[in-house]
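Me: I am new to this structure and should be grateful for a close look at a single part of it. Please describe how one pair of helices packs together, and then place that part in its surroundings.

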Amino acid sequence: MNNNSNLSNEVVGTVQGHRDGHGFVVVDGGDVDIYLAPQEMRAVLHHDRVRVRVMRLDRKGRPEGRVLEILERRKAPIIGRLLLENGVWIVAPEDKRYGQDILIPKNATASAEAGQVVAVELTEPPSLHSQPVGRITEVLGDIDDPGMEIEIAVRKYEVPHQFSPATLAQTGKLPDKVRAVDMKHRVDLTDVPLVTIDGEDARDFDDAVYCEPAKVGRKKGWRLLVAIADVSHYVKPGDPLDDDAYERATSVYFPRRVIPMLPEKLSNGLCSLNPNQNRLSMVCDMLVDAEGEVSAYQFYPAVICSHARLTYTEVAAVLSNTRGAEAQRQVHLVPHLLHLHEVYRLLLKQRATRGAIDFETTETQIVCDENGRIDKIIPRVRTEAHRLIEEAMLAANVCAADFIQAGKHPSLYRVHEGPTPEKRLALQNYLRSLGLNLTVSDDPTPGELQALAQLTRDRPDATQIHSMLLRSMQQAIYTPFNNGHFGLSYSAYTHFTSPIRRYPDLLVHRVIKGLLAGKKYGLVVRAAVPGAAVPTRRRQPAKVEGPAPRMEGIAPRDLEVWEVAGAHCSANERRADEASRDVEAWLKCKFMRDRLGEEYGGTISSVTSFGLFVQLDELYVEGLVHITELGGEYFRYDDVRHELRGERTGVRYAVGGRIRVQVSRVDLDGRRIDFRMVRDPLTPAAVPKPARERHATAQDELASIQEADRAVRRSSRKTAARKSGPHDGKTAGNNAGKSAGKSAGKVAGKAAGKAAGKSSGKPAARPASLPVDLPMEAVAPAPVIEGRRRRNKR
């Protein structure tokens, strides 16, 4: 759609509304969105399925369309606030992408009160000449009720949060503990001291680990056992339990609440590897050699009994001090934990050899009070215990992918492809713009990006560079087409280790069981979530070390069925992430509403054409400094360097810059926090453009500039009574030049005089080297440059 030959094409897609009134049509299987003007959006709603015709291309070659037909209206209820305006009841949708208020007849309010949060079912769709009309089907409560933000999110993003009656009935018939009949034909590992290691707030335990020394050939190696809850024993294909699990596809995690994929009797009971209780599991039994390579592995069903429920904090304390208090409490497990640490070090060494990407990022945790409001936000500390479990799970996942691939059985792989040509070119241009002797090849490898991260980790702008490296990569998806995992540098990778909370892992378990039994698992065709785009088949594998992935021996029809399942799981994963982020954003806005007017130091986390996103140091909350708050000059957005640059002063704002801001506005409905720039001499607001020539020290230059400004102001006051004209500017320039010359010599004096002379009596423009923490004169406000903010997920 990038040329005139494609005008008047008719395409089908899903409407994606925008809070500013316009919208886009996300074309099925396409990569170019079609713009819909506000007039076109009056007859459609966010999520509608439509057929559109491309009518024209804008000056950037982007297509603009006209709606020809509405194919399907989204039937899900719309969540919003009930308002009474001039005697008319309306509901303002919580999701601003709907763009229109909904009229509610007086007899359709369901006794809801003004200001309450309600669910609305449309009775009359919108048209070019009328608003949509609806009736209230559910009253959720008042906006300030505890947990209301979660109730809104699960409905706003259509997250299934109630199990069907058939599922509840089936769950009620499940046993309360593992029976003798369930343990038949399984390896008994109840005497092996397997342990679970999770966070303090974890409630469901998917995995348990154990390690012991072993001979690998003639050299010393390790035997690593990863036992995963055998959910597939209880959740069978076609059962109501399976239908609900597939519909959810993943558990959704909110602060203080989880919407589980499986009922609690399974997720926290029968399938959770609770300590000192027999549990059914699927085991990946691996031999790891001295180089960290998995030289052999096998899968088998087993019965285990976790010997302890350990936390990351406890294990990290034991590993850091084997004679400390924590080690004394777990004295019988210390040798096994040390063995796990040894194999972890080997796996980590192999990870470095493989060239996998491992960027250090700061994750945060929201701590809530009893009412569900944020008490504080703290960074998550990633310890050796976290890394230990991560490497063990990665090893098991790789073995699962290899086992399925060798068996030539269709399944879902976790695919993470490398940079697209467009993103690679953008990254190359960015690195080139920094003047670094660094670049990426035309066919980059994970090791190449990791090497760039290592080479730049001590630079002041390391945060910005690493952010660009992350943004260059694509989003990971579930697909039957094995294209490898670019970030981890694996030629084949899948998810095997979390079947309690991820449906793809449950499918992988069924495939492995089928291969062990010499049978084939036949996946039943199911529809993806509405509006989910099926990923494009990419036949070229990601460039990673190791043998090329194989797809031979699998019928195309089987791949199509698995492709639908992969698209469904990928879409629901994104939906869960969006719902979680929405709740966190609401809580943060509520948290910051009590801090209006307060000042904080922060770091620029993202730069757009319309302003800066800043993360506060003490609170880990992000907000926007709009471009109009940056000072009285025109700022240009450099899309190569990802920075804003002032045309007059040359001041640059880039990712990683340190600034001080004041909380100026909190929009709870829009999930938006606005900051105002604060000039603080102790905290440089941005990186000033370096002067090409310096004839004096920085202190002398600063003194000369200050004196020149004072001279200009004195000169302006003397001539204020006279009629202004070109002569006034010349006089002011001469006076400024003389004053500046007394302070810093002829060079600074001539520069100040020249600048003031050109200004025709106005204050002298600041030179490029001026530190921005000084007060700036008031000039005409810079025009607002609007743009769309995009987020990339790793």
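Reply: The following account begins with the requested pair of helices and then turns to other parts of the chain.

The model is predicted, and its chain has an average pLDDT of 82, with 80% of the residues scoring at least 70. Two packed helices are described by the angle between their axes and the distance between the axes. The pair chosen here consists of helix 8, residues 334–354, and helix 9, residues 384–406, whose axes come within 9 Å and cross at roughly 70°. Because angles of 65 to 115 degrees count as roughly perpendicular, helix 8 is roughly perpendicular to helix 9. The crossing of the two helices is left-handed.

On the side of helix 8, the residues that meet helix 9 are Leu 340, His 341, Tyr 344, Leu 347, Leu 348 and Arg 351. Helix 9 contributes Glu 384, Arg 387, Leu 388, Glu 390, Glu 391, Ala 392 and Leu 394. Sorted by class, this contact comprises seven nonpolar, one polar and five charged residues.

A hairpin may be considered next. Strand 20 (residues 364–368) is paired with strand 21 (residues 374–379) in the antiparallel sense, over five bridges. One of the bridge partners is Ile 374 in strand 21, which is matched with Cys 368. Five residues lie between the two strands of this hairpin, in which Gly 372 adopts a positive phi near 85°.

Elsewhere, five strands close into a barrel, in the order 24-25-26-31-30, with mixed pairing. From one strand to the next, the twist averages 55°. Within this barrel order, strand 30 (residues 658–667) and strand 31 (residues 672–678) form an antiparallel pair with seven bridges. Val 661 stands opposite Met 677, which belongs to strand 31. Helix 14 (residues 556–593) packs on the sheet and touches strand 24 (599–608), strand 25 (611–616), strand 30 and strand 31. The direction of helix 14 makes about 100° with that of strand 30.

Finally, some stretches call for caution. Over residues 680–699 the pLDDT stays under 50, and the model has 35 contacts beyond four places in sequence for them. Residues 719–794 also have a pLDDT below 50, with 122 contacts in the model beyond near neighbours in sequence. Where pLDDT is low, the predicted coordinates should not be read in detail.

Technical notes
Residues are numbered from 1 along each chain as its sequence is written. This is a predicted model: local features need pLDDT of at least 70, side-chain atom pairs count only at pLDDT 80 or more; totals for chains, interfaces and linings use all residues. Side-chain values use heavy atoms; hydrogens and water are left out. Axes are lines fitted to C-alpha atoms, for helices over the stretch in contact, and angles run from 0 to 180 degrees between N-to-C directions. Helices (H or I, at least four residues) and strands (E, at least two) are DSSP runs, numbered from the N terminus. Angles under 35 degrees count as roughly parallel, over 145 as roughly antiparallel, 65 to 115 as roughly perpendicular and the rest as oblique. A crossing is left-handed if the near helix is turned anticlockwise from the far one by less than a right angle, and right-handed if clockwise. Contact means heavy atoms within 4.5 Å. Ala, Val, Leu, Ile, Met, Phe, Trp, Tyr, Cys and Pro count as nonpolar, Asp, Glu, Lys and Arg as charged, and the others, Gly among them, as polar. pLDDT is the predictor's confidence in each residue, from 0 to 100. Two strands pair if DSSP finds at least two bridges between them.
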